[in-house]
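Biologist: I'm happier at the bench than in a viewer. Could you walk me through a few features and how to read them?

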Amino acid sequence: MKRSKLIGILLFVLIAIQTQAQSGQPIHLQCEYLLNPIGLDSPSPRLHWQMLDNREGALQTAYQIIVGTDSVQVAAGKGNNWDSGKILGANRLVSYQGKALLPFTKYYWSVILWDKDQQKSAPAKIASFETGMMQISNWKGEWISDSKDIALKPAPYFRKQFQPSGKVKSARIYMAAAGLYELSINGQRVGDHRLDPMYTRFDRRTLYVTYDVTSLVDAKEVALGVLLGNGWYNHQSTAVWYFHEAPWRDRPKFCLDLRITYEDGREEVVSSGTDWKTSLSPIIFNSIYTAEHHDARLSQPGWDKAGFDDSKWKNVIPVNAPSQNIVAQQLHPIRFVEEISPVSVNKMTELKAVYNLGRNIAGISRISVKGERGTTIRLKHAEMIFKDGNVNMSNIDVHYRPTDDKDPFQTDIYTLSGDGVETFWPHFNYKGFQYIEVTSDRPVEIQSLTGVFMHSDVPTVGQVSSSNETLNKIWKATNVSYLSNLYGYPTDCPQREKNGWTGDAHIASETGLYNFDGITVYEKWLADHRDEQQPNGVLPNIIPTSGWGYTWANGPDWTSTIAIIPWNIYQFYGDSKLLADTYDNLKRYVDHITDVSPSGLTDWGLGDWVPVKSVTPKELTSSIYYFVDADILAKAARLFGKEDDHRRYSALVTKIVSAINTKYLNRETGMYGTGLQTELSAPLFWGIVPENLKAKVAENLAKRVIADNKHLDVGLLGTKTILNALSENGYADLAYEVAAQETFPSWGWWIVNGATSLYENWPIDATRDISLNHIMFGEIGAWYYKALGGLKPDQKNPGFGNVLLEPHFVKGLNSFQVSHAGPYGEIQSSWKREGKKVVYRVVIPANSTATLKLSGSKISQNGKVVYTQPKSGNTGYLANLAAGTYEFVVAP
């Protein structure tokens with residue numbers, strides 16, 4: 001055979017193999033938006049996948065799901081629990097529909113796909129999910145604690161030692177707690193989670209976490225160790241929100257089941273009970289809100305190891321469960337995510353030094369130090385320093401109401417044991433800070449000090465890059481503030497409050513979802529909403545809450561989280577479960593607003609919080625959010641086939657719009673109110689403006705922004721709408737000018753003045769509301785995707801099943817790239833100026849489509865002109881794109 005012919009055959013084979021690898025293979029199998037999760041309670045967990053197929057027009061035409069308890073059989077395409085058979089369609093999100101799932105059982109699953117040519121894929125690499133308790137009746141352990149004294153400050157240790165009765169095949173710990181805990185076996189910490197379990201309304205819902213501890217209990221002697229912290233359950237610090245008076249408050253407690261399966265098939269459950277022993281730990285005080293105090297002289301080395309002498313420990317006491325609703329914690333956990341070394345150290349005296357991390361974070365500091373026994377070190381964490389170099393806490397301790405000087409704000413206190421180099425970090429606290437002031441009452445040798453950025457470890461799904469470095473820094477700062485305020489629930493700030501402020505969260509939700517895979521955290525938080533809602537439909541302004549927030553600042557402009565976040569989850573994931581779970585709650589909520597505001601207008605709310613200077617009428621903004629809630633409810637009713645509700649709430653939507661426009665819109669001038677930026681942008685963005693007046697209202701908005709020197713004059717609610725209203729109504733260049741400003745007031749003003757996170761107020765020298773790590777002005781992070789990248793979900797085919805693309809090639813920006821890893825795969829939208837033309841490139845993942853809209857005088861694709869602007873009018877280029885990679889050249 002000739003060499004050339006052999007090469008040709010080999011190339012043909014390689015191409016065939018490559019084509020087969022790209023032809024519809026299922027990848028990225030997940031269950032409940034987690035990878036191979038364990039400890040699930042859902043009787044019908046959601047299964048989802050993506051399709052690997054790089055060919056243009058790649059499409060899934062059918063699928064088959066296989067679920068079973070035998071991994072070998074499932075890998076071979078056989079399932080003893082569920083075989084869906086071949087089902088036609090492009091669906092890539094399916095709820096389990098097989099035999100009833102059993103508790104404490106591992107299930108394997110795979111999926112087979114058929115591509116656009118009806119070719120069948122090989123089964124996907126098997127994935128798994130494992131059930132947990134499923135029912136509260138399956139718990140065997142008792143709830144135990146060491147005391148009933150809520151004023152007792154030291155954190156308690158608990159231990160139990162036992163002997164496994166054979167060779168261990170598998171072992172799982174199911175751990176429920178009220179408060180916080182750390183779990184260890186034979187001296188080794190279990191897992192890498194931090195601050196478990198997540199914060200809930202403890203007397204209405206308690207979370208448990210499952211751990212695979214097979215390797216840890218395969219020993220002759222096993223010692224189980226538990227360290228309990230207060231968390232939000234036993235709030236011993238005092239602040240204006242009265243968490244120290246919470247109705248659930250009690251000494252921390254826990255319930256544990258260790259389920260062991262032996263190689264011979266026997267099962268054993270080792271549980272918490274009155275045979276456990278307890279002692280106080282060297283953590284002599286811990287507060288989730290302030291700090292942690294640790295006296296290393298009280299350490300008990302080996303307390304969680306086999307063979308430890310616990311004869312001086314006392315017996316535990318049985319206690320009541322915190323609630324009768326104990327459910328699995330199904331979300332991405334909090335972790336130590338990044339370690340940050342100081343960029344500078346200011347040695348102020350022999351006993352004081354200030355460390356600067358160079359950036360603002362949420363988390364903890366870790367210190368390694370050597371000194372005399374009994375030496376006390378204080379680590380004071382702050383976002384600012386005074387001119388003399390000392391840390392300045394004046395912006396973050398304003399709501400703290402200490403009863404004495406023993407619990408200093410954001411100040412860890414460590415007393416040395418004197419045993420060589422000692423390393424300390426807090427177990428049950430986190431803080432917001434850039435600077436750490438370390439003081440000691442005697443000279444010490446500090447070996448190292450490190451900042452640790454910690455947060456809910458949600459996967460990154462978005463990337464942004466542009467030719468404007470200030471824009472890039474704003475995007476990074478926005479993400480820092482988003483993550484700094486994600487601790488199993490979204491918060492406002494990680495230092496002064498740590499509260500789940502609803503308004504901040506719904507404003508920033510799109511920013512979060514474009515950049516991070518946050519559905520598990522939002523689903524947990526909306527369950528918190530359902531726990532906190534009063535029978536009449538009212539929600540508090542912070543969630544969870546001790547009871548504070550039901551009578552102030554909890555109108556629809558803030559608590560529209562009950563509508564907006566489930567709707568955004570549906571748009572971004574194509575998953576209606578959260579919307580369905582909250583449907584009745586949303587209905588009660590909207591009905592309550594209607595009951596108290598029968599005219600269609602409401603002034604219930606907080607308004608355009610922290611405006612630059614101009615104040616928009618609260619009635620206008622609150623009524624707009626009332627409309628938003630009713631509109632989402634009407635859409636949800638149609639989605640779920642509730643036609644009576646759809647008609648009822650559609651009529652309510654019409655009534656609210658009419659009431660708003662009757663009072664606030666001048667139809668002759670196209671002006672809302674006095675023509676402030678929020679007054680004009682909010683009706684435009686949310687869809688209140690009559691179609692025939694949109695252009696006029698948008699023109700008025702543009703004129704107002706220009707009159708304001710192309711700078712912001714909005715508060716929290718206006719930051720959601722101002723850039724979007726401009727870019728969606730023909731003024732994208734102006735929106736970019738506002739977004740890219742570097743003088744006051746602007747996001748860029750913060751950046752050029754050294755910000756590495758977003759602030760709470762526009763003036764950097766404000767005397768109040770000046771947290772330096774606040775997410776509430778974070779909508780700009782979503783605007784990058786929506787306007788400059790032009791990337792939006794399609795309500796008609798949500799979850800980016802169809803991608804809406806309308807990038808704006810704004811003046812003053814030379815290039816922009818954005819990507820978002822959605823449910824179908826990574827979407828890319830990027831553009832770059834080349835002379836007077838713009839080269840635009842887009843990637844649409846397999847099994848999805850896109851609707852593309854471009855503007856220009858001439859548009860070419862692959863050298864072929866596909867659009868020429870007509871002499872009269874400019875409708876732009878509109879194209880429906882199948883999956884694939886496309887490049888267009890756009891002439892101005």
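Modeller: Sure. Helices and strands here are DSSP runs, numbered from the N terminus. Keep in mind that this is a predicted model. With that numbering, Leu-195 sits in the loop between strand 13 and strand 14.

Biologist: And what is the phi of Leu-195 like?

Modeller: The general idea is that most residues other than glycine have a negative phi, and most peptide bonds are trans. Leu-195 has a positive phi, near 55°. Asn-36 does this too, with a phi of about 50° although it isn't a glycine. You'll find Asn-36 in the loop between strand 1 (25–31) and strand 2 (46–52).

Biologist: Are Leu-195 and Asn-36 buried or exposed?

Modeller: Buried means under 20% relative accessible area, and exposed means over 50%. Leu-195 has 8%, so it counts as buried. Asn-36 comes out at 36%, so that one is partly exposed.

Biologist: You mentioned trans peptide bonds. Which bonds are cis?

Modeller: One is the bond from Asp-196 to Pro-197, with omega near -10°. Pro-197 lies in the loop between strand 13 (188–189) and strand 14 (206–212). Another cis bond joins Phe-744 and Pro-745, with omega about -5°. Pro-745 belongs to the loop between helix 16 (732–739) and helix 17 (747–752).

Biologist: How many cavities are there of 30 Å³ or more?

Modeller: Think of a cavity as a place where a probe fits but cannot get out. The count is four at that size, and the largest holds about 110 Å³. Of the 14 residues lining that largest cavity, the closest to its centre are Leu-180, Leu-195, Tyr-199, Trp-232 and Ile-288. So Leu-195, buried at 8%, turns up again in that lining. By class, the lining has twelve nonpolar residues, two polar and no charged ones.

Biologist: What about a buried polar side chain: what does Ser-237 contact?

Modeller: For a residue like this, check how accessible it is, then look for partners. Ser-237 is buried, at 1% relative accessible area, in the loop between strand 15 (222–229) and strand 16 (253–262). Its side chain makes a polar contact with the side chain of Ser-287, at 2.8 Å. Ser-237 also touches residues including His-244, Tyr-400 and Asp-407.

Biologist: Last one: how far does helix 12 reach?

Modeller: You compare the span with what is expected at 1.5 Å a residue. Helix 12 (residues 643–664) has 22 residues and reaches 31 Å from first C-alpha to last, close to the expected 32 Å. Its buried residues include Tyr-649, Leu-652 and Ile-656. Among the elements covering the buried residues of helix 12 are helix 10 (583–596) and helix 11 (618–639).

Terms used. Residues numbered from 1 in each chain as written. Predicted model: local features only at pLDDT ≥ 70, side-chain atom pairs only at ≥ 80, totals over all residues. Heavy atoms only, no water. Helix = DSSP H or I, 4+ residues; strand = E, 2+ residues; numbered from the N terminus. Buried < 20%, exposed > 50% of the residue type's maximum accessible area, 1.4 Å probe, protein only. Polar contact = N/O pair within 3.5 Å; in protein donor to acceptor, adjacent residues only side chain to side chain. Contact = heavy atoms within 4.5 Å. Expected span 1.5 Å × (residues − 1). 1 Å grid on protein atoms, 1.4 Å probe; cavity = no way out; pocket = protein on both sides within 12 Å on 5 of 7 lines; lining within 4 Å. Points joined across faces, edges and corners; volume = space filled by probe spheres on them. Nonpolar A, V, L, I, M, F, W, Y, C, P; charged D, E, K, R; others polar. Lists of a residue's contacts leave out its neighbours within four places in sequence.
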